[in-house]
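Here is a briefing on the structure shown below. The points are grouped by topic for quick reading.

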Amino acid sequence: MTKLSTLLDQIDTGALLLPEFQRGYVWNRDQVRGLMLSLYRGYPVGGLLVWETEGEGTDVRGSTAGGGARLLLLDGQQRITSLYGVIRGRAPQFFEGNAQAFTDLCFHVEDEVFEFHAPSTKAGDPLWIRVTELFQKGLVPYLRRFADDQADAYLDRLNRVHQITGREFHEEKITGRDKTIDVVVDIFNRVNSGGTVLSKGDLALAKICAQWPAARQVMRQKLDQWEKAGFKFSLDWMLRNATAVASGRSVFTALDKVDPDVFRDGVEAAGNHVSTFLDAVSARLGLDHDRVLMGRGGIPVITRLLHLMGGSFADAAQRDKVLFWYVHCALWGRFAGSTETVLQQDYEVVERAGIDGLIANLERWRGGRLDVASHDFEGATTGSRFYPLLYLLTRAKGARDLGSGLELKSEMLGRLTSLQVHHIFPKALLYKAGRDRGIVNAIANFCFLTQETNLAIGKRQPSDYFAEAEQRHPGVLASQWIPEDPALWEVDRYEDFLAARRELLAESAQSFLTGLRTGARDVEHDLAPIQVVAAEENDPRAIQVRSLIDELLTAGCVEPDLDAAISDPDTGRELAVAEAYWPAGLQPGQGRPVVLELDHEAADIPRLEELGMEVFTSVDALRGFVTRRNESASGVDHIVSGPADAAIDGVEDAADFDAAIRRLYERARSEAGYHASHLLRMISEYGGVATARKILRAPAVSDGFAAMWERGRLDLTVEALIIEPGHRRWFPDVEVETARRRLEQFGYF
């Protein structure tokens, strides 16, 4: 058994450290609160697993000690890091993560709860005690703080908090020269209390770092360089490229037989080769930022090819053939399935037959054809595989801005150097006409315009601005693959417009890609990067999702992939294009992958669940899941109602509002085809008035509000019910104003 105070001292002296294969700190504030509450109540919080090893042979994080024995913390990192941060008031040397998770923890001596507060939140309330200050200054400053009749009880509670440093942890040690890093990593995976195993890349890095301690840092530096240039890659992906160079193999276990010096050279070479490719794909195809960099799973093959070629393309013709192969691999999901198997096949082909062999092999895999057809552009959202192709065509084929008439190249636009995605037929117009989300966000309904032109067009329908644009700049519509027939510019011919534009896009794509293969050059000079900025959203769904993500980030979750295409790992088939996707869980290494898929009818949800993913088909459901999970982690026995939940005069007599909100549910079901089951559950649990107030206090509109907006029936929202004269009396003016403001924002009035 080891006292917590001893463990903290060992961290201070550098005797207790983290092995490099450990993940960073991922806990959130609720988990920290829960740990402190459990310790305060004397509950079990689990033991520790440490590895006692000599100073040589294993890379550690945050080390300042010299040689000699080290204690490497294998299981218990999140708990000990949290306690160190709360008690010492700073992060330990080995820390990697968000220190806000344990900053400003307070304890209420009356309610005996732990909560986080900003410095001014509880100013003037003597019952809130800063926990870090208590540990650092002791009990003396509080001896005269409380009234005599309360002092004994309050000081006893503070002493119980302070005595947490004396809590003893059961500590198991792994010792002995036979405990190699391979053995220890296996033990770690078996006993890790979070249930998370290390990835293949983690295991490979653990072995590499034992021989080359700076490996992870060097690779991170390269990742940081690319991120500054607009491209974000993972450490596993970088390792994949380095493995291709150093071993010519796709599996990480191949590094077992690679000399450390060879691997070090491989990392440097792989970094150079990736940069060479990024320069080529940006300058030739215009794929100049992370959102449009398609098919990154196949880039290690190009890294291997460049390595065999001495680090550069033989000439422009070879470069274009490589880009032809790369684009087609991305479009058809060549590396979306069993990546290591497919990579190894292509490594062997490129060694035997170069880029021509790769193209021939890809043709055989595709059944003999590498053609783009109109139906290939039937996808939706910016997560579709064909969205980057639309951007590529816009940049490489000289699409022109509908407002200025200039080609969408930074060197042509002068000061107008940012582009935005534009819905040709406005979303609100299509929803009002009864189209569903999938077809509203069809790829063929997108084009790219300058930010100024996008704002100028606003929500006008094509029949209002197409003819005007063509008259000012003849040929501008054709440059954007807009059908010339004005009859197709009306909303009642929307589906015909999409079909005609898909034909034009497919023809242009096929022509351009064939030119890459044969050496025909469509552009006279390299394309310079151009910024793509997000348009201001006035779509409740988009606002909902962004608001949810901001909430989850505040709650300690990580940033998800947005509009993410999720493929079947066995077949490569696209299963969904999710609004948000957390592939490593909401907190890295904790829990299953999480998918937010609002267009659930277009997704293969059973297969996603079969693959072990947690799938949510509504924003409200995911928000509720995270709230309940964090409440459980915090150790709170029950949810204490805040001021906004407090009863208001006469609320017990609000039967008429209960009846009204239930009628709203029935009307939404019968008149708009929407089953607001979440609303019905809330009414049953909280009553009508409390339900309405919870909906108003949410940072963004509810699923029901978004669904009614899409159906053009905002009159069937809770917000519309609240502002009716007969119902306002149940709500403070500020809440009525919130309801009115939401309705106004989305055009109700």
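**Strand E11 and its partners**

E11 and strand E12 (residues 446-450) run antiparallel and are joined by five bridges. This is a predicted model. The protein chain has 30 helices and 17 strands.

- Leu419 has Thr450 as its bridge partner in E12.
- E11 also pairs with strand E13 (residues 531-532), in the parallel sense, over two bridges.
- The bridge partner of Leu419 in E13 is Val532. Leu419 therefore has a bridge partner in E12 as well as in E13, and the strand that holds these bridges, E11 (residues 418-423), is largely enclosed by the rest of the structure because five of its six residues are buried.

**The chain as a whole**

- The protein chain has 749 residues, and 52% of them count as buried.
- Its accessible surface comes to about 32,500 Å². Carbon and sulfur atoms account for 48% of that surface.
- Take the contacts between residues at least 6 apart in sequence: 70% of them join residues at least 24 apart.

**Nonpolar cores**

- In soluble globular proteins, nonpolar side chains tend to be buried together.
- The largest nonpolar core here has 88 residues. Phe263, Leu285, Trp325, Tyr326 and Phe377 have the most contacts inside it.
- Helix H10 (residues 260-285) gives the most to this core, with ten residues.
- Another core, of 57 residues, lies apart from it. Among its residues are Ile457, Ile683, Val701 and Ile723.
- Which residues does Trp325 contact, leaving aside its neighbours within four places in sequence? They are Gly298, Val301, Ile302, Phe335, Asp346, Ile355, Leu358, Ile359 and Leu362.

**A buried asparagine**

- Asn241 is found in helix H9 (residues 235-247).
- Asn241 has a relative accessible area of 0%, so it counts as buried.
- Neighbours within four places in sequence aside, Asn241 is in contact with Ala270, Val274, Ile299, Pro300 and Thr303.

**The four-stranded sheet**

- Strands of a sheet pair through backbone hydrogen bonds, either parallel or antiparallel.
- One open sheet has four strands in the order E14-E15-E16-E17, with mixed pairing.
- Which strands stand at the edges? They are strand E14 (561-567) and strand E17 (614-616). Each has a single partner strand, so one side of each is left without a neighbour in the sheet.
- Neighbouring strands of this sheet are turned by 45° against each other on average, direction ignored.
- Strand E16 (residues 594-596) pairs with E17 in the parallel sense, over three bridges. Val595 has Val615 as its bridge partner in E17.
- Helix H24 (residues 619-634) lies across strand E15 (574-582), E16 and E17. H24 runs at about 130° to E17.

**Positive phi outside glycine**

- Asp104 is not a glycine, yet has a positive phi of about 70°.
- Asp104 lies in the loop between helix H3 (77-88) and strand E6 (105-108).
- Is Asp104 buried or partly exposed? With a relative accessible area of 25%, Asp104 is partly exposed.
- Trp481 is not a glycine either, and has a positive phi of about 60°.
- The loop between helix H20 (476-479) and helix H21 (494-518) holds Trp481.
- Trp481 is buried, with a relative accessible area of 7%.

Definitions and conventions. Residues numbered from 1 in each chain as written. Predicted model: local features only at pLDDT ≥ 70, side-chain atom pairs only at ≥ 80, totals over all residues. Heavy atoms only, no water. Buried < 20%, exposed > 50% of the residue type's maximum accessible area, 1.4 Å probe, protein only. Contact = heavy atoms within 4.5 Å. Core = buried A, V, L, I, M, F, W, Y, C linked by side-chain atoms within 4.5 Å. Areas by Shrake-Rupley, 256 points an atom, 1.4 Å probe, with all protein chains shown as cover. Pairing = 2+ DSSP bridges. Axes fitted to C-alpha atoms, helices over the stretch in contact; angles between N-to-C directions.
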